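The following exercises introduce a structure to a reader who has not met it before. Each task is followed by a solution that proceeds step by step.

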Amino acid sequence: MTLGRSLWKIIIVKLVIILFILKIFFFPNYLKNNFDTDAARSDHVINELTTRQVHSQ
Amino acid sequence: MVETIDIGMVNWSRALFALTAMYHWIFAPLTLGLSWIIAFYETIYYRTGDESWRKLTKFWMKLFGINFAIGVATGIILEFEFGTNWSNYSWMVGDIFGAPLAIEGIAAFFLESTFFAVMFFGWNRVSKRFHLVSTYMVAIGSNLSALWILVANAWMQYPVGMTFNPDTARFEMQDIMAVIFSPVAISKFTHTTSSSFLFASLFVVSVSSWYLLKQRHLKMAKRSILVASVFGLVASLYVVFTGDEAAFQDARHQPMKLAAFEAHYVGDSPSGLIAFGIMNPNKELRDDRNAFYLKVKFPRMLSLLAKRTFDGYVPGLEDLIYGNPNEGIMGAVQKMKRGKIAVASLADYKAAKLNDDILASKNALETFRAHEAYFGYGFFEQPEQALPSVGIMFYSFHIMAGLGFLFILIFILFIVFGFKDKLSQTGWLLKLGVPLFFLGFIAQEAGWLVAEVGRQPWAIQSMLPVSIARTNLDSGTVAATFFIFLGLFTILLIAEIKIMLTQIQHGPEEV
């Protein structure tokens, strides 16, 4: 079935792009990649919460 | 030391998220609504045994399948963006979002996918009854998927059933039932799903009107229109009811959103609802300019919408920013003071814990808890930063609402002429019917703009501004990703439109 084949191709190509290109090269998990432990991640976020301010543009 | 934030990067991250979400929302509402319409068509086939209804069902199922195939997994990208662009937010809400999103992934999506296979490949392989049940299960599974996502979204608008843990910087779930059954979650789910049913009905009416104009597949098109119009009319009336409830919930929990979509600068009682208006783009808070060049109001209706009385006081943007002691309204100015105490006490708590100073940490935590409800306001420099974009809100809301009422009228016309079997002779109505799908799309996206631009500047209402929720990335990187996505999404959209148009052109098997 031509339609079915086209759709399966689109699904597979899309999933490959999303999971193996976008996820790996464009969407690294910032906290997982930059901090080794949950405690370090917590410290980083608390530091962000206590040292940042939203400035008027 | 207070550090500055690259607002350009924040805005690029917001633009990327908005682009992904708006693209995802082309496919999702069609899936939610078409799944029910197909189930209704198949029910008629099941009850009558009329082969032409089976062919009709299979035709719409094919279009449903194309939409599902192109749209599936586009929502996953949003979850990737949480971890990359919104890492502070992602860390803080992990405990809240984990449960609903896991249920969505495991239960709803698998339910949907399993029965999806039976629905598509099970014709003549399973009994008619089991096939029909499978089609209904796809509809239920799709809508259950939406439930969990919308519960998570509603929590961002109205964070309940949680407590903030200052040791881990995470919101921890205390009461999952409060999260699932919060009035905002119920209102969001019912309004979003019913508007999706309406949108899918418009799609069926659009395609069928085109067939009737071309004098093709007349029987199939007329039958399709009748069922879709009745479903669409019921859905649109329900959309009005759920939209009214959504506005009432906004008035209770996000009054700034309500004031922004009505461009209601100064509070009043009784308060009128603007039916139509042209805004003055130069209007600022507390200036003497009129907010509108032109406006038509329904007297007292905003009071009724927001307060459920004809003379209730509806706070304006100026009340909510600067406060109004006469009406007992605390403004962003006052909330900022409390928020800054909350932020400072969190820092004190962390320092005391590091120094093992038990008494100091206890005192700091008590101070934090006393001011926690205003935590997010502590990050602002100016109270006006609590204001969303009034222009976008006003026009998005009025376009959405105006189109919603127009759809009711159009569905009634299609039902009247459909039952009289005069659709083929009413070319004007069919010409009006063809572009309905695009109008429905505009209404859908406008609705999400009201919901999400109206949430700004918050990632989590009153607790976390988007500028603090973000990851500290280089704005060039985020901008590049935005344009790559724009290209990718455009290619996928062209593929969908091309395949869909080919199938529509080809039409159903002759009946």
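A salt bridge is a side-chain nitrogen of Lys or Arg within 4 Å of a carboxyl oxygen of Asp or Glu. This definition is needed in the opening exercise. The model is a predicted one.

**Exercise 1. Salt bridges and polar contacts**

Task: State how many salt bridges are counted between chain B and chain A, and examine the pair B:K350 and A:D43.

Solution.
Step 1. Between chain B and chain A, the count is two salt bridges.
Step 2. One pair to inspect is B:K350 and A:D43, whose side chains meet at 3.0 Å, N to O. The cut-off is 4 Å, so a separation of this kind must fall within that value to qualify. The pair B:K350 and A:D43 is accordingly listed as a salt bridge.
Step 3. Polar contacts form a separate count: nine residue pairs between chain B and chain A, with both residues at pLDDT 80 or more.

**Exercise 2. The side of chain B that touches chain A**

Task: Determine which elements of chain B give two or more residues to the side that touches chain A, and which gives the largest share.

Solution.
Step 1. The elements that give two or more residues are α1 (7–48), α2 (51–71), α3 (76–85), α4 (87–121), α12 (332–354), β6 (464–465), α17 (466–469) and α18 (475–506) of chain B.
Step 2. The largest share comes from α18(B), with eight residues.
Step 3. Sorted by class, this side of chain B has 33 nonpolar, 18 polar and eight charged residues.
Step 4. In terms of contacts, 59 residues of chain B meet 34 residues of chain A. The area buried between the two chains is about 4100 Å², and carbon and sulfur atoms give 69% of that area.

**Exercise 3. A threonine in each chain**

Task: Decide whether B:T481 is buried or exposed, and do the same for A:T51.

Solution.
Step 1. B:T481 belongs to helix α18 of chain B, and A:T51 to helix α3 of chain A.
Step 2. The cut-off for a buried residue is under 20% relative accessible area. B:T481 has 7% relative accessibility and therefore counts as buried. A:T51 has 13% relative accessibility, so A:T51 also counts as buried.
Step 3. The side chain of B:T481 reaches the backbone oxygen of B:T477 at 2.8 Å. In chain A, the side chain of A:T51 reaches the backbone oxygen of A:N47 at 2.6 Å.
Step 4. Setting aside residues up to four places away in sequence, B:T481 touches A:F26, A:F27 and B:L16.

**Exercise 4. The surroundings of B:V227**

Task: Place B:V227 in its element and name the residues in contact with B:V227.

Solution.
Step 1. B:V227 is found in helix α8 (residues 218–253) of chain B.
Step 2. Its relative accessible area is 16%, and B:V227 is therefore buried.
Step 3. Leaving aside neighbours within four places in sequence, B:V227 is in contact with B:F40, B:Y41, B:I44 and B:W53.
Step 4. B:V227 and B:G418 are 191 residues apart along the chain, while their C-alpha atoms are separated by 9.8 Å.

**Exercise 5. Backbone geometry in loops of chain B**

Task: Locate the cis peptide bonds that precede B:P270 and B:P457, and describe phi at B:N124 and B:R308.

Solution.
Step 1. B:S269 and B:P270 are joined by a cis peptide bond with omega about -5°. B:P270 lies in the loop between α9 (255–261) and β3 (273–279) of chain B.
Step 2. The peptide bond from B:Q456 to B:P457 is also cis, with omega near 10°. B:P457 lies in the loop between α16 (436–453) and β5 (458–460) of chain B.
Step 3. B:N124 is not a glycine, yet its phi is positive, at about 70°. The residue is in the loop between α4 and α5 (128–157) of chain B. With 70% relative accessibility, B:N124 counts as exposed.
Step 4. B:R308 likewise has a positive phi, near 65°, and its place is the loop between α10 (301–307) and α11 (317–322) of chain B. B:R308 is partly exposed, with a relative accessible area of 33%.

**Exercise 6. Chain A and its confidence**

Task: Describe the make-up of chain A and say where its confidence is lowest and highest.

Solution.
Step 1. Chain A has three helices and zero strands. Of its 57 residues, 40% count as buried.
Step 2. The average pLDDT of chain A is 83, and 89% of the residues score at least 70.
Step 3. Confidence is lowest in helix α1 (residues 2–26) of chain A, at a mean of 82, and highest in helix α3 (residues 38–51) of chain A, at 91.

How values were computed
Residues are numbered from 1 along each chain as its sequence is written. Chains are lettered from A and ligands numbered from 1 in the order in which they are written. Side-chain values use heavy atoms; hydrogens and water are left out. Contact means heavy atoms within 4.5 Å. Buried area is the accessible area (1.4 Å probe) that two parts lose on being put together, summed over both. A polar contact is a pair of N or O atoms within 3.5 Å; within protein, one must be able to donate a hydrogen and the other to accept it, and residues adjacent in sequence count only if both atoms are side-chain atoms. Helices (H or I, at least four residues) and strands (E, at least two) are DSSP runs, numbered from the N terminus. Ala, Val, Leu, Ile, Met, Phe, Trp, Tyr, Cys and Pro count as nonpolar, Asp, Glu, Lys and Arg as charged, and the others, Gly among them, as polar. Buried means under 20% relative accessible area, exposed over 50%, partly exposed in between (1.4 Å probe, protein chains only). pLDDT is the predictor's confidence in each residue, from 0 to 100.
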